[in-house]
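Reader: I've got a structure to look at and I'm new to this. Can you walk me through it?

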Amino acid sequence: MMKRRYAQFNPKRKLLTPSEAEVRVAELQVLASRARYGGNPEHKRNPGDFGLVPPSDPRQGKSLCDVARIFKRTEAEALLRAGLRKGLVSDRMVGDWPKNVWAVTDDGFAMEAQLENPELGTYHGYPMPETDPLSLEVIRRWRCLND
């Protein structure tokens with residue numbers, strides 16, 4: 001009998017507190033202007049205009065951006081930059097860049113971006129599973145910042 005695997009979430013992921021983000025607002029604005037979205041074919045069924053090679057290769061168990069209806073690089077990059085500007089970033093840094101950035105789509109999907117190239121400030125992202133406890137905090141903070 002196969003052992004059932006449950007989703008494991010990295011317990012090291014932590015958002016900056018609102019006061020920490022406020023102190024770093026100028027830095028995060030600069031990073032937002034420089035950040036890029038690269039994408040990862042493992043999170044795409046429909047590659048849209050991401051220009052991924054191979055075009056798309058969803059891996060079983062990976063969350064797909066298609067669920068959140070993000071098919072254009074400009075949409076993904078706008079969410080990434082909004083997350084940076086709002087301070088929804090990881091307390092862990094790799095060089096100048098936060099290891100993770102979080103945002104929420106207009107349809108209410110919590111998204112997580114992970115740094116893939118710290119020299120260029122390039123990220124790839126994916127929808128957060130509803131079972132991820134951090135997704136609720138991301139949505140709550142996003143809403144507070146939009147009110």
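Reader: Of the contacts with a separation of 6 or more, what share comes from residues 24 or more positions apart?
Author: This is a predicted model, where local features need pLDDT of at least 70 and side-chain atom pairs count only at pLDDT 80 or more, while totals for chains, interfaces and linings use all residues. Residues are numbered from 1 along each chain as its sequence is written, and side-chain values use heavy atoms, with hydrogens and water left out. A contact is heavy atoms within 4.5 Å. In the protein chain, the share from residues 24 or more positions apart is 53%.

Reader: In what order do the elements run from the N terminus?
Author: Helices (H or I, at least four residues) and strands (E, at least two) are DSSP runs, numbered from the N terminus. The protein chain has four helices and six strands. Their order is α-α-β-α-β-β-β-β-β-α.

Reader: Which element gives the most to the largest nonpolar core?
Author: A nonpolar core is a set of buried Ala, Val, Leu, Ile, Met, Phe, Trp, Tyr and Cys residues joined through side-chain atoms within 4.5 Å; buried means under 20% relative accessible area, with a 1.4 Å probe and protein chains only. The largest one here has 17 residues. At least two come from each of α3 (73–85), β4 (100–104), β5 (110–117) and α4 (133–146). With four residues, the top giver is α4.

Reader: How many residues does the other core have?
Author: Lying apart from the largest core, this one includes L16, A32, W97 and L115. Its residue count is 14.

Definitions and conventions. Buried < 20%, exposed > 50% of the residue type's maximum accessible area, 1.4 Å probe, protein only.
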